[in-house]
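Welcome, and please load the model in your viewer with the sequence panel open beside it. We will go from stop to stop, selecting a few residues each time and looking at what is there.

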Amino acid sequence: MPSFETKLNTTPPEPPVPVMPPFPYTPPQYNGPSTEEIMNLRNQYLIRQPPCYKQPLNLVDGKMQYVFDENGKRYLDALAGVSVVPCGHCHPDVKNAITKQMESIQHTHVMYLNHTVTDYLQALAAKMPGDLKVFFFLNSGTEANELAILMARLYTGCNDIITLRNAYHGLAPTTMSANGIRTIKFNIVQTGAHHALDPNPYRGDYGSDGEKYAQDVQKIIDYATSGKVAGFISEAIQGAGGVVELAPGYLPAVYEIVKKAGGLCIADEAITGFGRTGSNFWGFQNQDVIPDIVTMAKGIGNGTPISAVVTTPEIAKVLEGHSYYSTFASNAISTTAGLAVLKAIDKDDLQKNANDVGSHLKEKLTALKDKYPDIIGDVRGRGLMLGVEFVTNPQDKTPATDLTNDIFERMKNLGVLVGKAGLYSNVIRILPPLCITEADADFFAAVLDRVIWEIKYNEGA
């Protein structure tokens, strides 16, 4: 196959300019600070958080799968704040539930009783398999994973945690140690985490053979620990790592190995939870396992800060006798939002929609891979957690970082917002609200087709 630098002999027809599906909403006129004014203030007061686009995007309104900039331009939000709004921006049921709750009481500490917490606990527990019935609410995925690892260490009496290369679990000291990507780690003391081979079907040494990758976990236990471990933590589909779905059969094999070493198995469902993968409500269910501890964040509150750890009653006892709490966790607004999210997912049948529209979009993206085989190395993921990896050479899979950056910018200009992921930022990450339609999926694919065609044939490689 030709490399990206070599044009194909036959130029495909120019794709039509994509037209965004109609949407019955017009945002009110924006009268706030301009993009330039906001950027000046950010540069003055905000620590090291530059905007992701060359021309900063000032988003001022949002409805369901769309967001609007200061000029009223509409964008298909195919990132959803990194999977934060599964129900859609300003979903009416979620918004109304929060507004109603704010009219009575906004915050109660866990030391007091309030039915919003127990109402939510019952509904969330009904979504969990096995004996995963005891929860602890926090504010972010980092906090949830920190607590999960702490509980595993307390329960087992061991310190060693096994995680994966290419993983992301948070930015506090313990979770940063568990991260397996150098771009999200600082040069600080990191202990207690051992990184196993990434079971990556596209780039890994063993293709899609999950059981072969699992043997590296056994080798870590044999050679790098006392033979006993605190636990194993993983995502079912790696998010920041580039939307890498773990090789089939990997988690069952690893869970068995870890349990024999006395460890607990932790599932990080910050992105894969709440129906995003379509085929199941939780990502770990796609590999037919039940973890000992599950963490959840991002989409749990549809934009409201909340996260949770759930485990068994037996494991939960390790926190008894000591004070461990979070001031804002379990507040009435966040738990009300969480319950409204669960109801909206069921009422709007969003898990099924994620499966149906996600499958449709993946077919469209796979067709683009067939059309541009010299630069699209892989299309992967499940439901509405999809990734497209770009390469400069399909044989050696050299990451096409500059090309991906160009595509990222151009898609925004045509009205689609996506994310970038992977060690080399050469993967377009697709995590839209679960309410997107097939027409949105067609528009997304048409935009990507148009952008790639323009780069390859209209302007030259």
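Begin with the charged side chains: the structure holds 17 salt bridges, a salt bridge being a side-chain nitrogen of Lys or Arg within 4 Å of a carboxyl oxygen of Asp or Glu. Before selecting any, note that this is a predicted model, in which local features need pLDDT of at least 70 and side-chain atom pairs count only at pLDDT 80 or more, while totals for chains, interfaces and linings use all residues. Residues are numbered from 1 along each chain as its sequence is written, and side-chain values use heavy atoms, with hydrogens and water left out.

**Stop 1: three salt bridges**

Select glutamate 14 and arginine 450. Their closest N and O atoms are 2.9 Å apart, and the two form a salt bridge. Glutamate 14 sits in the segment before α1 (35-45) and arginine 450 in helix α13 (residues 438-458), so this pair ties together parts that are 436 residues apart in sequence. Helices here are DSSP runs of H or I with at least four residues, strands are runs of E with at least two, and both are numbered from the N terminus.

Which of these two residues is buried, and which is partly exposed? Arginine 450 is buried, with a relative accessible area of 10%, whereas glutamate 14 is partly exposed at 47%. The cut-offs are under 20% relative accessible area for buried, over 50% for exposed and in between for partly exposed, using a 1.4 Å probe and protein chains only. Now add Asp406, Arg410 and Glu454 to the selection: together with Glu14 and Arg450 they are linked in a network of salt bridges.

Next, pick glutamate 389 and arginine 203, whose side chains meet in a salt bridge of 2.6 Å, N to O. Glutamate 389 lies in strand β14 (residues 385-393) and arginine 203 in the loop between β6 (193-196) and α7 (210-224), so parts 186 residues apart in sequence are tied together. Glutamate 389 counts as buried at 2% relative accessibility, while arginine 203 is partly exposed at 35%.

For the third pair, select aspartate 449 and lysine 371, which form a salt bridge with their closest N and O atoms 3.0 Å apart. Aspartate 449 is in helix α13 and lysine 371 in helix α11 (residues 350-371), so to speak two distant parts of the chain, 78 residues apart, are linked. Aspartate 449 is buried, at 12%, and lysine 371 is partly exposed, at 29%.**Stop 2: aspartate 346**

Move to helix α10 (residues 332-347), where you will find aspartate 346. This residue is partly exposed, with 48% relative accessibility. The side chains of aspartate 346 and lysine 127 are joined by a polar contact of 2.9 Å. A polar contact is a pair of N or O atoms within 3.5 Å; within protein, one must be able to donate a hydrogen and the other to accept it, and residues adjacent in sequence count only if both atoms are side-chain atoms.

**Stop 3: strands**

Show the cartoon view and find the open sheet of four strands, ordered β1-β2-β3-β16 with mixed pairing. Its edge strands are β1 (59-63) and β16 (416-417), each pairing on one side only. Two strands pair if DSSP finds at least two bridges between them. Strand β2 (residues 66-69) and strand β3 (residues 74-77) pair in the antiparallel sense over three bridges; look for valine 67 opposite tyrosine 75 in β3.

Now select strand β13 (residues 376-382). Six of its seven residues are buried, so the strand is largely enclosed by the rest of the structure. β13 and β14 pair in the antiparallel sense over six bridges, and valine 379 has valine 388 in β14 as its bridge partner. The two strands form a hairpin with two residues between them, and glycine 383 in the turn has a positive phi of about 60 degrees.

**Stop 4: two pockets**

Switch on the surface. A pocket here is an open set of points on a 1 Å grid over the protein atoms alone, where a 1.4 Å probe fits, with protein on both sides within 12 Å along at least five of seven lines; lining residues have an atom within 4 Å of a point. Grid points are joined across faces, edges and corners, and a volume is the space filled by probe spheres set on the points.

The largest pocket holds about 1,500 Å³ of space. Select Tyr168, Leu171, Ile184, Ala240 and Arg429, the closest to its centre of the 46 residues that line it. Its lining has 23 nonpolar, 16 polar and seven charged residues, where Ala, Val, Leu, Ile, Met, Phe, Trp, Tyr, Cys and Pro count as nonpolar, Asp, Glu, Lys and Arg as charged, and the others, Gly among them, as polar.

For the second largest pocket, of about 520 Å³, select Val110, Phe135, Phe136, Phe137 and Ser330, which lie nearest its centre among 24 lining residues. Which strand gives the most to the lining of this second largest pocket? That is β4 (134-138), with four residues. By class, this lining has 16 nonpolar, seven polar and one charged residues.
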